[in-house]
Every structure is written in structure tokens, then in C-alpha cells.
Amino acid sequence: MVRVETPISAIAKRWTPSTRIVKRAALSAVMMSVLIIVTGGAVRLTGSGLGCDTWPKCTDDSLFATPEQGLHGAIEFGNRMLTYVLSAAVGWAIVAVSSMKPRRRKLTRLAWSQFWIVLGNAVLGGITVWAGLNPWTVAGHFLLANALLAVTVITWVRIGEGDGPARPRAPLPVRRLAWAIVATTVVLIVLGTSVTGSGKHAGDSSDVPRMPWDWSAAAHVHAISAWVVCALAIAMWLALRVVDAPADTRARARDLLVVLLAQGAIGYVQYFTDVPEILVGIHMFGSAIMWIAVIRLVMSMRERGDDAPAPLPGPSSAGERGQHGQREQQPSASAQAV
């Protein structure tokens with residue numbers, strides 16, 4: 001069977017990037033994922049959601065924004081163009097990961113999953129425009145962007161690890177607490193979309209439908225879930241000190257707690273000041289940083305070494321030690337982990 005060479009496989013044959021280059025490529029995808037969340041929020045907060053009134057074109061007759069569409073058209077079209085920058089960052093990560101030697105199949109699959117999420121969210125964004133900014137599709141668009149952010153962060157962290165079986169770095173109850181934080185954070189983010197979906201920032205000045213419940217009640221439920229996450233984060237911070245967890249894991253818990261406290265403060269200020277656009281935008285940025293902190297925390301609960309088994313000691317290896325002295329020790333997976 002003849003194997004067809006793709007452009008990516010051709011690059012991989014001729015180029016072997018360093019781990020630093022691959023990590024930078026993966027980090028660029030993380031940064032663009034955060035940026036696309038923030039700029040997507042800016043589109044809604046400036047009332048530019050229907051600045052381009054169709055998709056994939058900006059108007060029925062033009063691929064680009066026209067002067068008649070004014071500032072709203074420019075903002076919406078600019079956000080669409082950022083999707084191409086995001087795609088370029090994801091593509092760069094895919095090429096870099098695929099070119100690593102030896103090939104890391106699990107990591108390559110993670111990198112490619114970013115592409116499919118970007119593609120799916122672009123289509124969902126078009127459906128959102130066709131649906132006249134239906135709040136349910138807007139919420140789905142935001143949640144899928146957070147799914148992309150999760151995968152980019154996981155890819156970025158996994159580059160610094162091996163592909164062997166995961167080894168725990170904290171006791172089982174502490175690891176379960178970390179997964180409880182992940183689950184409650186997902187609920188928190190989903191409830192956040194219920195606040196924006198029923199609130200006043202509909203994304204356009206026209207009669208955009210809203211979610212069928214009181215905005216203030218949704219905000220209170222969202223605040224309760226935020227307090228639950230904060231309580232779990234405090235418990236994690238204390239538990240990691242009790243069990244004398246590794247310093248980097250304790251630092252991840254501290255970072256999450258700081259972000260959560262800042263997010264809570266911003267959330268309450270925006271609620272009592274009639275949700276000004278600038279604070280909502282900052283809160284969306286904080287939401288992305290919080291999600292990154294949660295993922296990094298749960299991933300720091302384990303480490304992965306090389307999947308190749310260590311050679312068994314034998315006469316040849318003993319003789320080699322006698323001639324050359326003790327072999328240089330390989331760095332542990334915890335030293336390689338982010």
C-alpha cells in the first residue's frame with residue numbers, strides 16, 4: 001500500500017523542533033483561545049453581534065464589511081478575521097507537535113482535536129448569526145470556545161511530560177477534590193451563560209430573544225455556585241499543605257484561589273453597578289484565566305514519565321558501569337512537568 005505524503009508529514013521528515021519551540025507553539029494556541037473569548041465578548045458588549053448580518057459572507061453581496069455597516073460591521077468582521085489567526089496558531093501547534101521525534105501519537109491527537117473544535121465553533125458562530133443571536137446558540141458558542149481553551153492548555157502541559165502511565169502526586173481524596181473543582185467550575189461557567197443569556201447585553205440593539213428567566217435570579221444562582229468553587233479551592237489549598245504536596249501543585253492551588261477571589265470581587269461590583277460593559281469584559285477574561293488555573297491544578301495532581309521500560313540490569317550493563325562509572329540519571333517526570 002502506497003502511503004501518501006501530506007504537507008505536515010513532509011515537514012516532519014525534514015524538521016525536528018526542540019521541546020521549547022513546541023511548547024511555544026502550543027502556548028500560542030492557548031493565548032489565541034483566550035483572545036478569541038475576550039474579543040467575542042467585545043462583539044456582544046458593543047452590540048455588534050449582527051454587524052455582519054449573514055455568514056460566511058458579511059453581507060449578501062460582500063465577503064467584507066462595508067462602510068454602510070459602520071463600526072459594528074468592522075468589529076464583527078474583525079472578530080471573524082481573528083478566527084483565521086486562531087486557526088494559524090492551532091495549525092502551528094499541530095505542525096510542531098507532529099514533527100517531534102519520536103512521534104507522540106496521543107499528543108498529536110490532542111493537537112488535531114483543537115482544529116476540529118475551531119471548525120465546529122466557526123460553524124456554530126455562523127448558525128448564531130443566522131438565528132439572530134439566539135441566546136442558546138450564543139451560549140453554546142461560548143462554551144465550545146472554553147472547550148477549545150481546555151484542550152489547548154492540556155496540550156501545552158502534556159508537552160512537558162512523557163507518555164507513560166499517570167502516577168499520582170497526591171492522595172486519592174485530594175485528587176478527587178481536584179476533580180470536584182473541575183466539575184463545579186464547569187457548572188459555574190454554564191450558569192454564567194444563563195446570566196448573560198437573560199441579561200441586558202444581548203449583542204445587538206434589535207429585539208434579540210433572551211433566556212426565559214429573571215436575570216437577577218440567574219445572577220444569584222451563579223454567585224452561589226461561585227462560592228461553592230471558592231470553598232472547594234480553599235479546602236484544596238489547605239489539604240495540599242496537610243499532605244505536604246509538591247511545591248508546584250501548591251502553587252497551582254494558590255493561583256486558582258487568587259483568581260477566584262478577584263473574579264468574585266469583579267462579579268459583585270458589576271452586579272451592583274448595573275453591569276457596565278468594561279467590567280463584563282474583564283469578568284469574561286477572568287473566567288478564561290480561572291479555567292486555565294483549574295485545568296493546570298488538576299493536571300499537577302499526577303505526573304507522566306517515559307513510556308519506554310527501563311532496561312533490566314545484566315552483565316553488559318554492569319560491565320559498562322565498571323568502565324565508565326555510574327550512568328547519568330535521567331530527569332524525573334516531575335522535573336519535566338509544567
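Tutor: A residue counts as buried under 20% relative accessible area, as exposed over 50% and as partly exposed in between (1.4 Å probe, protein chains only). This is a predicted model, in which local features need pLDDT of at least 70 and side-chain atom pairs pLDDT 80 or more, while totals for chains, interfaces and linings use all residues. Residues are numbered from 1 along each chain, and side-chain values use heavy atoms, without hydrogens and water.

Student: How many aromatic pairs does the structure hold?

Tutor: Rings of Phe, Tyr and Trp (its six-membered ring) pair with centres within 6.5 Å, as stacked under 30 degrees, edge-to-face over 60 and tilted otherwise. The number of such pairs in the structure is eight.

Student: What is the angle between the planes of Trp55 and Trp130?

Tutor: Trp55 and Trp130 form an aromatic pair, 5.8 Å from centre to centre. The pair links distant parts of the chain, 75 residues apart, with Trp55 in the loop between helix 2 (19-45) and helix 3 (70-98) and Trp130 in helix 4 (residues 105-130). Helices are DSSP runs (H or I, at least four residues) numbered from the N terminus. The pair is edge-to-face, and the angle between its planes is 70°.

Student: Is Trp130 buried or exposed?

Tutor: Its partner Trp55 has a relative accessible area of 25% and is partly exposed. Trp130 has a relative accessible area of 55%, so Trp130 is exposed.

Student: Why is the pair of Trp112 and Phe115 classed as it is?

Tutor: Both residues lie in helix 4, three residues apart, about one turn of the helix. Trp112, at 32% relative accessible area, is partly exposed, and Phe115, at 34%, is partly exposed as well. The ring centres are 5.8 Å apart and the planes stand at 85°, so the pair is edge-to-face.

Student: Which residues form one aromatic cluster with Trp112?

Tutor: Trp112 belongs to a cluster that includes its helix 4 neighbour in the edge-to-face pair. The residues that join Trp112 in this cluster are Phe115 and Trp116.

Student: How is helix 5 placed relative to helix 9?

Tutor: Helix 5 (residues 135-159) and helix 9 (residues 277-299) pack with axes 10 Å apart and at an angle of about 40°. Angles under 35 degrees count as roughly parallel, over 145 as roughly antiparallel and 65 to 115 as roughly perpendicular, the rest being oblique. Helix 5 is therefore, relative to helix 9, oblique.

Conventions:
Axes are lines fitted to C-alpha atoms, for helices over the stretch in contact, and angles run from 0 to 180 degrees between N-to-C directions. Helices (H or I, at least four residues) and strands (E, at least two) are DSSP runs, numbered from the N terminus.
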